[in-house]
Amino acid sequence: MRRQIVAANWKLNGSSELVQSLVPRVREMAASLDNAVEVVIMPPSLYVGAVKGLLQGSQVAVGAQNVARWQAGAYTGEVSADMAADLGCTFALVGHSERRELFGETDTMVAEKVSRALESGLDVMLCVGETLRQREFGEAKAVVCRQVERALAGVDPGRGEKVVVAYEPVWAIGTGKTATAEDAQAMHQAIREKLSQMGFAANEMSLLYGGSVKPDNAGALFAEPDIDGGLIGGASLQAEDFIAICQAVG
Ligand code: PEP
């Protein structure tokens with residue numbers, strides 16, 4: 001049985017007020033979910049401690065949106081995987097397309113971050129996805145499989161249970177456009193095949209879909225056989241929408 005996961009990526013949104021109002025509601029609603037979905041909240045790193053504090057004793061997990069390529073040292077402004085683990089995070093998001101596009105993260109850097117996160121005992125949520133141009137040129141599967149291969153080249157295939165891959169077509173993130181369930185399924189199947197070729201127990205690994213997931217499209221996406229949950233941006237800032245998406249799994 002694969003893990004089913006729905007993760008909230010708050011991105012650069014939030015405040016102490018939002019933490020105080022949103023997290024207890026997610027906690028309460030998550031407790032009443034009748035499926036086995038793992039719920040994860042990934043706030044900006046400055047709020048990790050406060051979010052974790054409000055989730056004591058709850059099943060809802062906390063993750064970091066990003067970790068540094070280094071564990072410590074003269075890297076002003078960075079947050080390490082060790083620090084995330086120290087504060088109670090159990091997940092690290094790595095390779096989000098906004099990090100790749102806006103902060104110049106290459107596949108090599110993403111691979112380093114994957115290694116740091118695993119060294120720190122975190123589960124990795126690796127984001128991959130093609131741009132609209134790459135899709136129009138028929139390169140989507142090749143691009144995504146190459147990202148998977150490069151990011152996980154240094155990972156012992158025996159550690160696959162610590163890795164979750166989130167397929168997020170870049171053109172669908174924050175745009176209101178969603179991949180059709182069929183297109184998303186086809187990509188998830190290709191990712192699973194790639195993981196299998198790399199020696200991972202791919203059928204036991206969780207693959208998430210992300211990109212404008214909303215309560216009204218989540219059910220169709222999650223019904224696909226290779227989609228094990230979602231990575232949610234905008235809709236994760238509304239407790240009702242986020243929980244409705246969690247409820248749509250399984
Ligand atoms: C994301 O940031 O990972 C994401 C999927 O955003 P949105 O749901 O807003 O498209």
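**Helix packing around an eight-stranded barrel**

In this predicted model, the axes of α7 and helix α8 (residues 181-197) come within 10 Å and cross at roughly 40 degrees. That angle falls outside the limit of under 35 degrees for roughly parallel helices and short of the 65 to 115 range for roughly perpendicular ones, so α7 and α8 count as oblique to each other. Their crossing is right-handed. On the α7 side, the contact is built from Ala140, Lys141, Val144, Cys145, Val148 and Glu149, and α8 answers with Met187, Ala190, Ile191, Lys194 and Leu195. Sorted by class, the contact of α7 with α8 comes out at eight nonpolar and three charged residues, with no polar ones.

Helix α7 (residues 140-152) also packs against helix α5 (residues 107-119), here at an angle of about 50 degrees and with the axes 7 Å apart. This pair, α5 and α7, is therefore oblique as well, and α5 passes α7 in a right-handed crossing. Asp107, Val110, Ala111 and Val114 are what α5 brings to the contact, while α7 supplies Gln147, Arg150, Ala151 and Leu152. The mix in the contact of α5 with α7 is five nonpolar, one polar and two charged residues.

Next comes the pair formed by helix α1 (residues 16-31) and helix α10 (residues 239-247), whose axes sit 10 Å apart at an angle of about 30 degrees. Since angles under 35 degrees count as roughly parallel, α1 and α10 are therefore described as roughly parallel to each other. The crossing of α1 and α10 is right-handed. From α1, the residues involved are Leu22, Arg25, Val26, Met29 and Ala30, and they meet Ala239, Phe242, Ile243 and Cys246 of α10. Eight of the residues in the contact of α1 with α10 are nonpolar and one is charged, with no polar residue in the set.

Turning to the strands, eight of them make a closed barrel in the order β1-β2-β3-β4-β5-β6-β7-β8, paired in parallel fashion. On average, and ignoring direction, neighbouring strands in this sheet are turned by 25 degrees against each other. As one example of the pairing, strand β2 (residues 38-42) runs parallel to strand β3 (residues 61-64) and is joined to β3 by two bridges. Val40 has Ala61 in β3 as its bridge partner. Helix α5 packs on the sheet too, where α5 touches β4 (91-94) and β5 (123-128). The direction of α5 makes about 175 degrees with that of β4.

Then there is the ligand. A set of 14 residues surrounds the ligand, and those that come nearest are Ile173, Gly174, Gly210, Gly233 and Gly234. By class, the shell around the ligand holds seven polar, five nonpolar and two charged residues.

Methods:
Residues are numbered from 1 along each chain as its sequence is written. This is a predicted model: local features need pLDDT of at least 70, side-chain atom pairs count only at pLDDT 80 or more; totals for chains, interfaces and linings use all residues. Axes are lines fitted to C-alpha atoms, for helices over the stretch in contact, and angles run from 0 to 180 degrees between N-to-C directions. Helices (H or I, at least four residues) and strands (E, at least two) are DSSP runs, numbered from the N terminus. Angles under 35 degrees count as roughly parallel, over 145 as roughly antiparallel, 65 to 115 as roughly perpendicular and the rest as oblique. A crossing is left-handed if the near helix is turned anticlockwise from the far one by less than a right angle, and right-handed if clockwise. Two residues are in contact if their C-beta atoms, placed from the backbone, lie within 7 Å. Ala, Val, Leu, Ile, Met, Phe, Trp, Tyr, Cys and Pro count as nonpolar, Asp, Glu, Lys and Arg as charged, and the others, Gly among them, as polar. A residue is near a molecule or strand if its C-beta atom, placed from the backbone, lies within 6 Å of it. Two strands pair if DSSP finds at least two bridges between them.
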